[in-house]
Amino acid sequence: MGKTLRVPFFDYQAPFRERGGEYRAVFEDVCSRGAFILQAEVEEFEQRLAKFVGVRHAIGVGNATDGLTLALWAAGLEPGSEVLLPAHTFVATAGAVRLLGAVPVLADCGDDHVIDPVSAERLVTSRTRALIPVQLNGRVADMDALSKLAADHGLMIVEDAAQALGARYRDRGAGSFGVAAAFSFYPAKLLGAFGDAGAVVTDSDEIAEAVRLLRDHGRDRSGAVRRWGMNSRLDNLQAAILLVNLRHLRGDIERRRAIGRRYEEVLRGVPGLALPPGPDAEPDRYDVFQNYELEAASRDELRDALSCGGVGTAVQWGGRGLHQFPALGLAAKLPRTDQVFDRSLMLPMHQFLRDDEVEHVVRSVFRFTEAQAV
Ligand SMILES: *Cc1c(COP(=O)(O)O)cnc(C)c1O
């Protein structure tokens with residue numbers, strides 16, 4: 001018997017193993033120039049990112065959590081305002097709202113795990129001011145329905161696009177639908193830095209200008225303090241690393257979609273599993289597969305069986321929606337989200353997975369479902 005292949009859920013060492021030469025050159029160049037804070041690489045990255053997303057402005061910040069906070073702050077969200085967002089998201093989405101003294105209000109998700117517009121509309125009150133669609137797992141939510149909802153009730157949209165760089169819906173990129181959006185470059189994200197990093201994107205000159213001031217203590221280029229702000233600058237060294245990874249991004253996304261296609265081929269229709277929409281399921285959507293989050297009737301057993309076979313998996317957000325963390329005080333009745341957290345499991349999904357690893361993952365899942373069926 002050959003030794004079993006081990007496929008970790010995510011491989012944090014893979015980028016440096018595969019592209020170490022490119023990063024070393026950048027490190028040498030940036031460090032020898034001593035170019036660390038708000039230097040040429042930040043500016044170049046911002047320009048390239050804006051172009052990639054299809055918006056006028058991108059502003060590099062410390063991380064996506066700060067990015068959401070700065071975007072909402074710059075867009076004028078006032079304390080006491082209610083903000084609609086899905087319960088199936090990272091705590092950061094609600095944390096940004098809360099930090100500004102506003103009130104997160106949690107909506108249910110649909111079968112594709114992104115926010116359900118019908119659930120969101122039911123939660124609108126006279127105090128609702130904003131809506132944060134979370135473009136979860138690399139998939140853009142139903143922005144036609146959400147844009148109509150926002151227009152009908154006078155809400156601003158700020159996207160949490162942390163998981164969706166490059167995703168498209170009706171020929172528009174994730175991050176281009178609202179007044180502003182935030183992206184994350186956390187190492188495990190589609191475009192990963194070697195540490196924390198993020199960006200705000202917007203078509204609005206005023207919001208872009210405000211975020212530029214806010215991320216650097218309210219200071220303008222001359223150093224004059226023009227308003228209150230904070231420190232959430234994108235490190236220049238991280239920007240230089242991100243420029244390297246941005247050059248690979250289209251290929252990386254296509255690799256993820258190819259893996260999603262293979263998962264789909266082998267596992268679609270298998271009893272006891274509900275798969276996410278496949279990469280070619282809808283002509284109006286281009287999903288980028290930040291995660292491959294399926295639902296399994298026997299999730300815990302599947303997870304254990306995969307673990308025994310050397311396949312790493314994860315349940316998003318530690319297995320709970322935001323309404324299920326008592327410390328947050330956001331309890332709500334969200335039946336579909338509850339069901340998702342009882343059943344959801346993420347399979348390994350990243351651009352550095354080899355074909356034999358992908359085959360090991362699908363065969364392991366398939367073998368489990370066959371054993372369950374007898
Ligand atoms: C990763 C993530 C964030 C936070 O990103 P950071 O850059 O770590 O602050 C926010 N929302 C979602 C949906 C995420 O996946």
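Q: What makes up the shell around the ligand by class?
A: Seven nonpolar, six polar and two charged residues form this shell in the predicted model; Ala, Val, Leu, Ile, Met, Phe, Trp, Tyr, Cys and Pro count as nonpolar, Asp, Glu, Lys and Arg as charged, and the others, Gly among them, as polar. The model is predicted, and local features need pLDDT of at least 70, side-chain atom pairs count only at pLDDT 80 or more, and totals for chains, interfaces and linings use all residues. Residues are numbered from 1 along each chain as its sequence is written, and side-chain values use heavy atoms, with hydrogens and water left out.

Q: Which residues are the closest of those that surround the ligand?
A: The closest of the 15 surrounding residues are Ala64, Thr65, Asp160, Ser184 and Lys189, where near means that a heavy atom of the residue lies within 4 Å of the molecule.

Q: Why is the pair between the side chain of Thr65 and the ligand called a polar contact?
A: An N or O atom in the side chain of Thr65 is 2.5 Å from an oxygen atom of the ligand, and a polar contact is a pair of N or O atoms within 3.5 Å, so the pair qualifies. The side chain of Gln163 likewise has an N or O atom 2.9 Å from a ligand oxygen atom, and for Ala64 a backbone N or O atom lies 2.8 Å from one.

Q: Where does the ligand sit?
A: The ligand sits in the largest pocket, which means that more than half of its atoms lie within 2 Å of the grid points of that pocket. A pocket is an open set of points on a 1 Å grid over the protein atoms alone, where a 1.4 Å probe fits, with protein on both sides within 12 Å along at least five of seven lines.

Key:
A polar contact is a pair of N or O atoms within 3.5 Å; within protein, one must be able to donate a hydrogen and the other to accept it, and residues adjacent in sequence count only if both atoms are side-chain atoms. On a 1 Å grid over the protein atoms alone, a cavity is a set of points where a 1.4 Å probe fits but cannot get out, and a pocket is an open set with protein on both sides within 12 Å along at least five of seven lines; lining residues have an atom within 4 Å of a point.
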